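I opened this entry to look up how the chains meet and where the aromatic rings pair. My notes follow in the order in which I checked things.

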Amino acid sequence: MSRIQESVIVRTVVRIMVPFILLFALYVIMHGAGGPGGGFQGGVIFGAGIILYAMIYGIDAGKKKISDALDRILASTGLTIYAGTGLLCIISGGMLLQYGAVPLLPDNPAEVSKYLIDFVEIGIGITVSAVMISLFFDVSSPESEEAEE
Amino acid sequence: MKTLALFVVILAGAMLIYAGQDLPAFGDINSPAYQHRMTQYFIENSLSESGVPNIVTALLANYRGYDTLGETTVIFTAGMAVILLLRRREK
Amino acid sequence: MSGVLDIVYAEYNYWIYVTLMMIGFYAMIAKKNLIKKIIGANIFQTAIFLFYISLGEVEGGTAPILVGGHGEHAAEVAHEVIYVNPLPHVLILTAIVVAVSTTAVALALVIRIYQEYGSIEEDVILAARRKLQPEFSEHARLKGGEDE
């Protein structure tokens, strides 16, 4: 454990900041339709929040929050949400990812498109954040195993 | 070897700067890319067709939705490739 | 004199990107360290991103988010404002994601190479490979064939 990880100031600041970073990430994902933001940016911020926590409190504490299995499931879930939305459009009689074809609000296809774009952005965000977390854990895992031995 | 690399780099840079003389000026509103009717179409119609005020999001998720699906697959595949390369087998 | 200054003012951004791109290119072809090669590739990619974004820039333009787009009469408002070109932004958003993915895979490969050979210097790895695995090395196999 390095000196930075033992510092009380750093640990306290990280413990206070991480929930707000995650909240901001959700805001950026959900705000992608109406302002600067989107799934990729928000997903990276979410992943960075978890990575910050794992850097200061240790890899094992981070893996307790998001385990490897959960990580893999989340990464595939996001992609499935996106592809499933495309498939939903085909089932509804449109082309792949033609959002207006989904008969949620028959009189206003642009409104349907707005909500489905938000949905797709959530899928992108889940995949990107899960992949970012998994990259960090993969690159750092040999050191933590050596520390245990 | 380093001299050769430096020579190649300077030559390529000089060629790029020479070729870049024909590019539109910085911030030019009459540049062909901005005056093209695709750009004007997206700026005028993306809200009524996608219902999203952010033109970049409308382009990304609606007009280029298939491309973004592939993009998400790329990042997913990169994550899986790193897992294959680095993760030790669970005992 | 003012003509030269006009050209410099209009095109200096491209010169900056060419310089940045050539710094990355030099790092990619001249450095032996694999990590430095990856850093060079990233600088190269960043130069391309900046080039595209500056192509989309319009003087006096605002971010491509429709002003008043949340209200009822959004379509009328949209015509009066100048927006920067949104197409390069979208293309570069795609390119950034691909850049991140390639960097991640490249770094993972470097980590595996380091675990295998104990070095990230290109010539050390090639020498070790020729020495340890002569049957897998194309160069050594051809050489050995000539000797026998």
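**Chain A against chain B**

I counted polar contacts first and found eight residue pairs between chain A and chain B, both residues at pLDDT 80 or more in each pair. That threshold applies here because I am working from a predicted model, in which side-chain atom pairs count only at pLDDT 80 or more. I then looked for salt bridges across the interface of chain A and chain B and got zero.

Next I asked which elements of chain A supply its side. Helix H5 (68–91) and helix H6 (109–148) of chain A each give at least two residues to the side that touches chain B. H6(A) has the largest share, with 16 residues. By residue class, I noted 19 nonpolar, eight polar and six charged on the side of chain A that touches chain B.

For the extent of the contact, I listed 33 residues from chain A and 28 residues from chain B. I recorded the buried area as well, since the size of an interface is often given as the accessible area lost when the parts come together. Chain A and chain B bury about 2600 Å² between them, and 65% of that is on carbon and sulfur atoms. On the chain A side, the residues that lose the most area to chain B are Phe40(A), Leu79(A) and Asp138(A), which together make up 21% of what that side buries.

**Chain C against chain B**

I repeated the look-up for chain C, where 47 residues are in contact with 42 residues of chain B. The area buried between chain C and chain B is about 4000 Å², with 76% of it on carbon and sulfur atoms. Tyr26(C), Leu66(C) and Val90(C) lose the most area to chain B within chain C, together 13% of what that side buries.

I found zero salt bridges between chain C and chain B. Polar contacts across the interface of chain C and chain B came to seven residue pairs, both residues at pLDDT 80 or more. Two or more residues of the chain C side come from each of H1, H2, helix H3 (74–77) and helix H4 (86–117) of chain C. I noted H4(C) as the largest contributor, with 16 residues. The chain C side that touches chain B divides into 34 nonpolar, nine polar and four charged residues.

**Aromatic pairs**

I turned to the rings last and counted nine aromatic pairs over all chains. Phe26(B) and Tyr12(C) pair edge-to-face, 6.4 Å centre to centre with 75° between the planes. Phe26(B) sits in the loop between helix H1 (2–19) and helix H2 (32–35) of chain B, and Tyr12(C) in helix H1 (residues 2–30) of chain C, so this pair joins two chains. I checked the exposure of both: Phe26(B) is partly exposed at 32% relative accessibility, and Tyr12(C) is partly exposed at 34%.

I then took Tyr14(C) and Phe51(C), whose ring centres are 5.9 Å apart; their planes stand at 65°, so I entered the pair as edge-to-face. Tyr14(C) lies in helix H1 and Phe51(C) in helix H2 (residues 34–56) of chain C, so the pair links distant parts of the chain, 37 residues apart. Is Tyr14(C) buried or exposed? Its relative accessible area is 5%, so I wrote it down as buried. Phe51(C), at 23%, is partly exposed.

One cluster went into the notes too: ring pairs link Tyr41(B), Phe42(B) and Tyr63(B).

Note on methods: Residues are numbered from 1 along each chain as its sequence is written. Chains are lettered from A and ligands numbered from 1 in the order in which they are written. This is a predicted model: local features need pLDDT of at least 70, side-chain atom pairs count only at pLDDT 80 or more; totals for chains, interfaces and linings use all residues. Side-chain values use heavy atoms; hydrogens and water are left out. Contact means heavy atoms within 4.5 Å. Buried area is the accessible area (1.4 Å probe) that two parts lose on being put together, summed over both. A salt bridge is a side-chain nitrogen of Lys or Arg within 4 Å of a carboxyl oxygen of Asp or Glu. A polar contact is a pair of N or O atoms within 3.5 Å; within protein, one must be able to donate a hydrogen and the other to accept it, and residues adjacent in sequence count only if both atoms are side-chain atoms. Helices (H or I, at least four residues) and strands (E, at least two) are DSSP runs, numbered from the N terminus. Ala, Val, Leu, Ile, Met, Phe, Trp, Tyr, Cys and Pro count as nonpolar, Asp, Glu, Lys and Arg as charged, and the others, Gly among them, as polar. Rings of Phe, Tyr and Trp (its six-membered ring) pair if their centres lie within 6.5 Å; planes under 30 degrees apart count as stacked, over 60 as edge-to-face and the rest as tilted. Buried means under 20% relative accessible area, exposed over 50%, partly exposed in between (1.4 Å probe, protein chains only).
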